[in-house]
Amino acid sequence: MSSDTSVVARFDEEKRAAVERTLRKAVRAQGIAAIALAVVWGFVTLLPIAVVSADGQVTAALVLAVTLVVPLAIGALGVRQLRRRPRMPEIAVAITPTSVQFPALERPSAFAPRVRAEQWVREGTTAEIRPASGLFQTPLVVFTRQDGGRLRRRTVSAENLDIDPRILVDALGGTASA
């Protein structure tokens with residue numbers, strides 16, 4: 001394939017919907033777990049406060065009440081997590097005559113930073129197909145670029161694409177080792 005060819009790889013609609021369902025389940029489970037932890041931690045924290053205030057040591061009880069901030073914060077983060085609706089982008093990767101473009105990706109955890117959208121220069125960017133191995137039972141298309149002294153890498157699940165992943169590899173002149 002010539003270097004002036006454009007290729008757009010989209011996520012397969014059915015598989016994209018399945019991944020989004022899995023993400024929603026993970027986000028919901030994390031939110032429920034955070035709220036449950038906040039409730040348990042809150043009760044454990046309230047016990048010493050109640051005992052100290054029953055002894056008439058109001059000042060000590062107020063100092064201990066400050067420790068309730070932690071379970072309140074965890075509970076607020078759990079509620080925030082329950083409200084999140086992560087979505088997969090439609091486009092997995094776009095290869096233009098001058099660049100390779102990757103969309104931003106949301107992660108299921110509110111604590112993990114979002115994977116930013118990136119645009120790499122096409123010249124010097126390679127792609128290869130890595131077969132499924134170990135616990136990860138899906139082949140990957142691995143895009144690699146050396147910028148200065150820094151190695152940059154992005155991966156896309158090969159079986160979630162609407163096109164043959166070898167087209168992406170051929171467009172960048174990489175190796176297809178599936």
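This is a short walk through two helix packings and one pocket in a predicted model.

Let's begin with helix α1, which spans residues 13-54, since both packings involve it. Two packed helices are described by the angle between their axes and the distance between the axes. For α1 and helix α2, residues 58-65, the axes come within 8 Å and cross at roughly 165°. An angle over 145 degrees counts as roughly antiparallel, so α1 is roughly antiparallel to α2. The crossing of the two is left-handed. On the α1 side, the contact is made by P48, I49, V52 and S53, and these meet A60, A61, L64 and A65 of α2. Sorted by type, the residues of this contact comprise seven nonpolar, one polar and no charged.

Now follow the chain on to helix α3, residues 69-83, whose axis comes within 8 Å of that of α1, with a crossing angle of roughly 160°. Here too the angle is what counts, and α1 and α3 are therefore roughly antiparallel to each other. Their crossing is left-handed. If you look along α1, you will find V27, R28, Q30, G31, I32, A34, I35, L37, A38, W41, G42 and T45 taking part in the contact. Their partners in α3 are V70, P71, I74, G75, G78, V79, Q81 and L82. The residues of this contact divide into 12 nonpolar, seven polar and one charged.

From the helices, let's turn to the empty space. Rolling a probe the size of a water molecule over the atoms shows where such space is left. The largest pocket holds about 360 Å³. It is lined by 17 residues, and those closest to its centre are F11, M88, L105, T155 and S157. Which strand gives the most to this lining? That is β7, residues 150-157, which supplies four residues. By type, the lining of the largest pocket is made of 11 nonpolar, three polar and three charged residues.

Methods. Residues numbered from 1 in each chain as written. Predicted model: local features only at pLDDT ≥ 70, side-chain atom pairs only at ≥ 80, totals over all residues. Heavy atoms only, no water. Axes fitted to C-alpha atoms, helices over the stretch in contact; angles between N-to-C directions. Parallel < 35°, antiparallel > 145°, perpendicular 65-115°, else oblique. Left-handed = near helix turned anticlockwise from the far one by under 90°. Contact = heavy atoms within 4.5 Å. Nonpolar A, V, L, I, M, F, W, Y, C, P; charged D, E, K, R; others polar. 1 Å grid on protein atoms, 1.4 Å probe; cavity = no way out; pocket = protein on both sides within 12 Å on 5 of 7 lines; lining within 4 Å. Points joined across faces, edges and corners; volume = space filled by probe spheres on them.
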